[in-house]
Amino acid sequence: MMAEGFDVSAAIARAREGHEAAQRRIYDAFHAAAYRLAYLLLSDEMDAEEVVQDAFVYAFRNLDQYDPDRGAFWTWLRVILVSRCRNKRRGKRLPRVSLQILNLAGAAPAKAKPATDPGLALDRFETRREVHEALQEVSAGARDALVLRYYEGLAYAEVAGIPGCSEDAARSRVAHGKSQLRQLLAARDDASAAQGRVVRPAEAG
Amino acid sequence: MNGKHPGELQLARLSDEAAVWNAADHLGWCARCRRILADFQWLEGEVTASLEAEATAAPVPRADCGAVSSRLGRSAGHLSRNRLAFAATAALLVCVMIAAPSLLGRRVRAGSLGTVSASGVPTPVVAASTDSRAGDRVPRIRVSADPGAMVTLSFVPPPTPPDADA
């Protein structure tokens, strides 16, 4: 998903020897992906930046522990990053995401088809906003599982490997996350029913 | 035909991985469960799109490895300082361990010349005299004992006052 165009393993070998340029190349290659994942897990820019820095410092200090035979560098770094995010979040209440981000998120959907009808576009925007807000209210463990499963696109075995739980537990966390989301959205639907707005296509069809 | 509705969590898992629960029979006739399943399938797409949009819109800061490098450098410097301090302490300890026995040994030998060892059974004092000569500032007490004369002290009754009648 990242780090295309340069030999990661060669850079890692040189970084192990303490070459600062190699460390910089690795950092440049993985920084954006690491930041985005941390941001999704923490919903805070400053925290995400701090955690990413911590994760890279830890990774560079412990490069000897990275075994290329066991997986890609990003897989290893992701485990460190998610663990750091958990530590950061522990005992800290998550702040809400700014409206600017919400607007950007609604204005630039990654997979949705461009809507030509303004009414449909508005509905889609509202739906996306509601899903986004509901995602902020899902429990931390379930959100982590949803992010790893649907944003990172990991298989359940990989999701399970990050917090070190069983595959079945990972499945349960994702299912719980989806169930929580559905209930939250249903509650929002009930609240907006007075306005006569249909939010979810599944209910319409 | 399976008449029992599956739980919501079962449907949530089913929407993601069909192998988990074989519900084809039930879903064939149960519109309610089909609707919930459709909800979850729709939700998966929305969650993916929402997370991707959020990640894309996230204000990624400029990749600056300087902070990481400086932290790594600081930690390396800190580590080398710690190692240096440890080595210095160890060297000092070794020096002390080598030097201490020779210094202490000299003192012990010097002190042992003037010491008197006291041993044996106490002997009864047979004579004591003070000797204050003209030249001595401090009178000396001489105690001499006869090691052969081990005298057992007999019981001496305490003096009683004289009888008033006598």
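This briefing walks through some ring pairs, cavities and helices in the structure above. Keep in mind that it is a predicted model. Across all chains there are 8 aromatic pairs, and the cavities of 30 Å³ or more number 2. Helix α7 of chain A turns up in the cavity story too, giving the most residues to the lining of the largest cavity.

**Aromatic pairs**

- Start with F56(A) and F60(A): their ring centres are 5.8 Å apart and the planes meet at 40 degrees, so this pair counts as tilted.
- Both sit in helix α3 of chain A, which covers residues 45–61, and they are 4 residues apart there, or about one helical turn.
- Why does that spacing suit a pair? An α-helix has 3.6 residues a turn, so residues three or four places apart point the same way.
- F56(A) is buried, because its relative accessibility is 1% and the cut-off for buried is under 20%.
- F60(A) is buried as well, at 7% relative accessibility.
- Next come Y66(A) and F73(A), with ring centres 5.6 Å apart and planes at 90 degrees, so they make an edge-to-face pair.
- Y66(A) and F73(A) are both buried.
- These two also belong to a bigger group: ring pairs tie F30(A), Y66(A), F73(A), W74(A) and W76(A) together into a cluster.

**Charges over rings**

- R149(A) has its charged end over the ring of Y156(A), at 4.2 Å from the ring centre.
- Another case involves two chains: R182(A) lies over the face of F40(B), 5.8 Å from the centre of that ring.

**The largest cavity**

- How big is the largest cavity? Its volume is about 40 Å³.
- Its lining is made up of R86(A), G141(A), D144(A), A145(A), L148(A), V159(A), P163(A), C165(A), A170(A) and R173(A).
- Two elements of chain A give two or more residues each to that lining: α7 (140–151) and α9 (167–192).
- Which gives the most? That's α7(A), with 4 residues.
- By residue type, the lining splits into 6 nonpolar, 1 polar and 3 charged.

**A closer look at helix α7 of chain A**

- With 12 residues at 1.5 Å each, α7(A) should span 16 Å, and its end C-alpha atoms are 15 Å apart, which agrees.
- Is α7(A) mostly enclosed or open? Since 10 of its 12 residues are buried, α7(A) is largely enclosed by the rest of the structure.
- Among its buried residues are D144(A), A145(A) and L148(A), which also help line the largest cavity.
- R149(A) is another of the buried residues of α7(A), and its charged end is the one that sits over the ring of Y156(A).
- Just past the end of α7(A), G153(A) has a positive phi of about 70 degrees.

**Two more residues to look up**

- A22(A) is part of helix α2 of chain A, residues 20–42.
- A22(A) has a relative accessible area of 1%, so it is buried.
- A22(A) and A11(A) are 11 residues apart along the chain, with 5.1 Å between their C-alpha atoms.
- E158(A) is found in helix α8 of chain A, residues 156–161.
- Its relative accessible area is 39%, so E158(A) counts as partly exposed.
- E158(A) and V79(A) are 79 residues apart in sequence, and 10.0 Å apart in space from C-alpha to C-alpha.

Key:
Residues numbered from 1 in each chain as written. Chains lettered and ligands numbered in written order. Predicted model: local features only at pLDDT ≥ 70, side-chain atom pairs only at ≥ 80, totals over all residues. Heavy atoms only, no water. Phe/Tyr/Trp six-rings, centres within 6.5 Å; stacked < 30°, edge-to-face > 60°. Buried < 20%, exposed > 50% of the residue type's maximum accessible area, 1.4 Å probe, protein only. Lys NZ or Arg CZ within 6 Å of the ring centre and 35° of its normal. 1 Å grid on protein atoms, 1.4 Å probe; cavity = no way out; pocket = protein on both sides within 12 Å on 5 of 7 lines; lining within 4 Å. Points joined across faces, edges and corners; volume = space filled by probe spheres on them. Nonpolar A, V, L, I, M, F, W, Y, C, P; charged D, E, K, R; others polar. Expected span 1.5 Å × (residues − 1).
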